[in-house]
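I opened this structure to look up a few residues and the way its strands and helices are arranged. My notes follow in the order in which I worked.

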Amino acid sequence: MSDRLPLVAGNWKMNKTGPEARSYCERLLQLLGEMDETGAEIAVCPAFTALEIVAVALAGSGVWAAAQTMHEAPSGAYTGEVSALMIAASGARGVVIGHSERRAAGETDVQVSARARAALDQDLFPIVCVGESLERREAGETLPWLTSQVRAALAAVRADEGDRLAIAYEPIWAIGTGHTATPEIAQEACAHVRAIAGERLDPAVVRILYGGSVTPENAAALLSRPDVDGALVGGASLDPESFARIVAAA
Ligand code: PGA
């Protein structure tokens, strides 16, 4: 275990209306209150329509809200997009950037870098996602692929910002498939991501998360690895009981 505080973030994707999100938060806070001590920082990432509701419901609890994406421009004619300023004004404290489901819809490395910079400039905490496809893993290209994604994502980040962002290693083949990476695979990739992030940031400070079919059953083994500083949880974060059990494993 390192002395980095684990970060466990729940990515709800396109799930939960505002009222559903509010009751989720009430239940989650109740469950966390029943736990002895949570040795982790916790975030939940609702859809934009529930972001402010979640930020209000979690206010003062230490658990924070994060958006699932953002646009890099400060404002303007970008129909359907949301800026870092809008996210910050909603009360959210972070934003997921470069999720593979966004990259598959066209988000580029250049946008990921610009979005991370724009988020940091609004004092938002970016959780920047990287990860390889099954084809790349089978071709033995995982580590060079992660190198290029991490270098691109951090291109506009400053040397002293290592504690203001996290990087999530999310192998695409593990997302929503039930094929969780083994702790060994997660450790190898997270250690590599840390080493590359260390070209720009303090590697002892920046948190590297694992994401991809994390469950209450496999979380402890993944999170016990020295370079796995937390988890980005999709499906298993939708139920507050299951999410709280993952937090308890951190
Ligand atoms: P999953 O999603 O936990 O459902 O695999 C993870 C993610 O996409 O962040």
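Before looking at single residues I wrote down the cut-offs: a residue is buried under 20% relative accessible area, exposed over 50%, and partly exposed in between. I also noted that this is a predicted model, and I kept that in mind for every entry below.

**Entry on N218.** I located N218 in the loop between β7 (207-211) and α9 (219-223). Is N218 buried or exposed? Its relative accessibility is 18%, and because the limit for buried is under 20%, N218 counts as buried. I then followed its side chain, which reaches the backbone oxygen of S213 at 3.0 Å. When I left aside the neighbours within four places in sequence, I found N218 in contact with T180 and S213, so S213 turns up in both look-ups.

**Entry on the barrel.** I traced the strands next, and found a closed barrel of 8 strands that runs β1-β2-β3-β4-β5-β6-β7-β8, with parallel pairing. The twist from one strand to the next averages 25°. As a reminder to myself, strands of a sheet pair through backbone hydrogen bonds, either parallel or antiparallel. For β7 I looked at its pairing with strand β8 (residues 230-233), where 2 bridges join the two strands, which run parallel. Which residue of β8 is the bridge partner of Y210? I found that it is A231.

**Entry on β3.** I turned to strand β3 (residues 64-67) and asked how its two faces are covered. W64 and A66 lie on one side and A65 and A67 on the other, and all of them are buried, which leaves both faces covered. Strand β2 (residues 41-45) is joined to β3 by 2 bridges, and these strands run parallel; within this pair, V44 stands opposite A65.

**Entry on V95.** I found V95 in strand β4, and with a relative accessible area of 0% V95 is buried. Not counting residues up to four places away in sequence, V95 touches a set of residues that includes A66 and A67, both of which I had already recorded in β3, as well as I87, L124 and F125. I also checked V95 against V8, and these two are 87 residues apart in sequence and 14 Å apart in space, C-alpha to C-alpha.

**Entry on R93.** R93 sits in the loop between α3 (84-89) and β4 (94-97). At 46% relative accessibility R93 counts as partly exposed. Leaving aside its neighbours within four places in sequence, I found R93 in contact with G62, W64, A65, D123, L124 and F125. The C-alpha atoms of R93 and Q122 are 9.4 Å apart in space, while the two residues are 29 apart in sequence.

**Entry on the helices around α1.** I compared α1 (residues 18-34) with α10 (residues 240-249), whose axes come within 9 Å and cross at roughly 40°, and these helices are therefore oblique to each other. Their crossing is right-handed, and among the residues that meet are Y24 and L28 in α1 and F243 and V247 in α10. With helix α2 (residues 48-58), the axis of α1 comes within 9 Å and crosses at roughly 25°, which makes α1 roughly parallel to α2. The contact is made by G18, A21, R22, C25 and L29 of α1 and A50, I53, V54, A57 and L58 of α2. I recorded this crossing, too, as right-handed.

Conventions:
Residues numbered from 1 in each chain as written. Predicted model: local features only at pLDDT ≥ 70, side-chain atom pairs only at ≥ 80, totals over all residues. Heavy atoms only, no water. Helix = DSSP H or I, 4+ residues; strand = E, 2+ residues; numbered from the N terminus. Buried < 20%, exposed > 50% of the residue type's maximum accessible area, 1.4 Å probe, protein only. Polar contact = N/O pair within 3.5 Å; in protein donor to acceptor, adjacent residues only side chain to side chain. Contact = heavy atoms within 4.5 Å. Pairing = 2+ DSSP bridges. Axes fitted to C-alpha atoms, helices over the stretch in contact; angles between N-to-C directions. Parallel < 35°, antiparallel > 145°, perpendicular 65-115°, else oblique. Left-handed = near helix turned anticlockwise from the far one by under 90°.
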